[in-house]
Amino acid sequence: MSDAVSAVQTAGMCAPEKARATSNYFTFVDGVEFAGTHLLIDLWGATNLGEIDPIEAALREATATCGASLLDIHLHHFGEGAGVTGVAIIAESHISIHTWPERNYAAIDVFMCADCDPAGAVPVLKAAFQPARVRVTEERRGIETSAPEPRWYEETLDPDLRQRLRISKVLHYEKTAHHDLMVFENPSLGRVLALDGAIQTTEGDEYVYHEMLVHTPILAHGRARRVLIVGGGDGGALRETLRHDSVEHAVLVDIDETVIALSRKYLPKINAGAFDDARAEIVIADGSSFVRRTENRFDVVIVDSTDPIGPGEALFSEAFYAGCKRCLTPGGILVTQNGVPAVQGNEVTQSYQRLRAHFADVTFYLAPVPTYHGGFMAFGWASDDVSLRATPLEKIEARYRAAEITTRYYNPEIHLAAFALPNDIRALMG
Ligand code: SAM
């Protein structure tokens with residue numbers, strides 16, 4: 001057998017410290033007390049598997065090498081050319097064996113309590129059966145612990161790729177009228193809001209998303225007084241919008257009042273009092289109906305939507321984009337949450353085509369938001385004023401300074417650089 005194969009396949013097994021017996025024949029290793037060590041041993045390409053005698057000899061020798069006390073051996077041979085099944089009964093539990101000589105394969109379990117060393121069986125079995133490959137897995141039996149198993153939130157957004165975030169504490173779980181909602185804590189990211197199996201925002205990296213979603217259109221526009229946010233129930237986009245003193249009125253239209261209520265309660269670091277700002281108006285409604293009917297007009301429309309599943313799907317339709325165009329002032333800007341192109345490339349393609357039907361200038365700009373896994377995330381950009389996305393750096397810098405906002409990710413250079421698209425994303429735009 002190759003040592004390399006053996007080393008990899010047995011990695012992690014067998015404590016280096018020698019086992020000690022404790023009361024009632026329990027085992028004590030590495031400061032942990034437990035019933036005993038159970039090794040599951042697979043031998044492939046093995047020999048001597050079709051006769052009782054070599055198997056019995058191997059079990060006797062393995063028992064002795066492990067320091068165990070043999071009580072009895074029972075082995076049964078299934079006949080000419082067939083395998084053997086059986087067990088060595090030992091005072092400290094057992095070694096069992098089941099062989100398939102026609103497949104040169106044997107499955108062996110070694111379970112021993114007290115101060116035995118079950119790992120001692122492995123070289124004996126290798127010598128007796130000469131396997132080409134061996135796999136040993138180890139389980140410590142009877143460990144008593146009151147510590148709960150770690151729990152994980154698994155995103156189910158993508159059928160082929162999964163992201164998991166450790167849950168250190170569930171703060172709230174609820175099936176709202178529109179979503180399956182969970183707020184939990186993660187040791188690295190702080191509080192996390194998840195809807196329908198998709199991470200919406202986290203205290204740890206929300207600033208990248210919200211700063212880029214909001215400051216890019218507002219500073220490119222330069223005189224935005226009225227802003228519409230569609231979705232955005234966590235309040236992060238509203239918070240960033242209201243940091244601009246130039247904004248006189250910000251309307252946030254979200255379909256799910258429970259998202260807002262729970263974000264107020266559990267995510268105050270994200271909304272930072274924005275819902276209570278006198279310039280904010282909160283409307284509970286479907287965003288796609290709102291933009292079709294409202295008589296209000298906005299300089300900037302920010303779509304801070306969920307992904308295009310469930311109620312969020314309407315916010316990616318051509319009818320919705322037509323509604324956004326309808327309620328924009330001349331020269332206004334629409335920006336959208338448009339997914340991660342590397343894993344949701346079709347969102348870029350569809351939104352591009354649908355936006356192009358209504359706006360003279362359509363593109364995307366990018367930012368890496370760690371918890372939206374898969375690389376850059378794309379923000380859609382649509383306006384009838386083609387000059388806005390190429391607003392010169394000096395102008396953006398002057399507006400940024402005048403706004404007197406401090407940002408952790410956004411800056412004027414990043415603003416302009418975010419519009420540089422790699423070829424694979426350009427290709428998605430057809
Ligand atoms: N930053 C997030 C992301 O990238 O996934 C989005 C966050 S925000 C929580 C998304 C909001 O969109 C939710 O509060 C949800 O209720 C809202 N929403 C979903 N569908 C909607 C619709 N048709 N009209 C208005 N709001 C909607």
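Which residue in β13 is the bridge partner of Glu-174? It is Leu-181. That pair is a good place to start a walk through this structure.

Two notes on reading come first. The model is predicted, so local features need pLDDT of at least 70, side-chain atom pairs count only at pLDDT 80 or more, and totals for chains, interfaces and linings use all residues. Residues are numbered from 1 along each chain as its sequence is written. Helices (H or I, at least four residues) and strands (E, at least two) are DSSP runs, numbered from the N terminus.

Back to Glu-174 and Leu-181. Strand β13 covers residues 180–186, and 6 bridges join it to β12. The two run antiparallel. Two strands count as a pair if DSSP finds at least two bridges between them. Strands of a sheet pair through backbone hydrogen bonds, either parallel or antiparallel. Now widen the view. An open sheet of 4 strands runs in the order β12-β13-β14-β15, with antiparallel pairing. At its edges stand β12 (169–175) and β15, each with a single partner strand, so one side of each has no neighbour in the sheet. Neighbouring strands here are turned by 20° against each other on average, direction ignored. Such angles run from 0 to 180 degrees between N-to-C directions, and the axes are lines fitted to C-alpha atoms, for helices over the stretch in contact.

A helix joins this picture. Helix α6 (residues 257–266) lies across β12, β13 and β14 (190–195). It runs at about 15° to β13. Contact has a cut-off: the C-beta atoms of two residues, placed from the backbone, lie within 7 Å.

Next comes another sheet. An open sheet of 7 strands has the order β18-β17-β16-β19-β20-β22-β21, and its pairing is mixed. Its edge strands are β18 (280–284) and β21 (361–368), each of which pairs on one side only. The twist averages 20° from one strand to the next. Look at β16 and β17: 5 bridges join them, and they run parallel. Leu-228 stands opposite Val-251 in β17.

Where does the ligand fit in? It is surrounded by 24 residues. The closest are Gly-231, Gly-233, Asp-256, Gly-287 and Pro-311. Four elements give two or more residues to this shell: β15 (198–202), β16 (226–231), β17 (249–254) and α8 (287–293). A residue is near a molecule if its C-beta atom, placed from the backbone, lies within 6 Å of it. By class, the shell has 8 nonpolar, 11 polar and 5 charged residues. Here Ala, Val, Leu, Ile, Met, Phe, Trp, Tyr, Cys and Pro count as nonpolar, Asp, Glu, Lys and Arg as charged, and the others, Gly among them, as polar.

Now turn to helix α9 (residues 318–326). Which of its residues are buried? They are Phe-320, Tyr-321, Gly-323 and Cys-324. They cover an arc of only 155° around the axis, so they lie on the same side of α9. The arc is that of the directions from the helix axis to the C-beta atoms. An α-helix has 3.6 residues a turn, so residues three or four places apart point the same way. The buried residues of α9 pack against α8, β19 (298–304), β20 (328–337) and α10 (341–356). A residue is buried if 20 or more other C-beta atoms lie within 10 Å of its own, exposed if 12 or fewer, and partly exposed in between, with C-beta atoms placed from the backbone.

Strand β8 (residues 105–113) is joined to β4 (residues 36–44) by 9 bridges, and the two run antiparallel. Thr-37 stands opposite Met-112 in β8. Strand β7 (residues 93–100) is also antiparallel to β8, with 8 bridges. There His-94 stands opposite Phe-111. The hairpin of β7 and β8 has 4 residues between the strands, and Asn-104 takes a positive phi near 55°.

Phe-129 is found in helix α3 (residues 121–129). Is it buried or exposed? Phe-129 counts as buried because it has 22 C-beta neighbours inside 10 Å. Leaving out residues up to four places away in sequence, Phe-129 touches Leu-43, Ala-46, Thr-47, Asn-48, Leu-49 and Ala-106.

Two loop residues end the tour. Most residues other than glycine have a negative phi. Gln-130, in the loop between α3 and β9 (133–141), has a positive phi of about 50°. Glu-404 has a positive phi of about 55°, and lies between α11 (393–403) and α12 (412–417). Glu-404 counts as exposed because it has 9 C-beta neighbours inside 10 Å.
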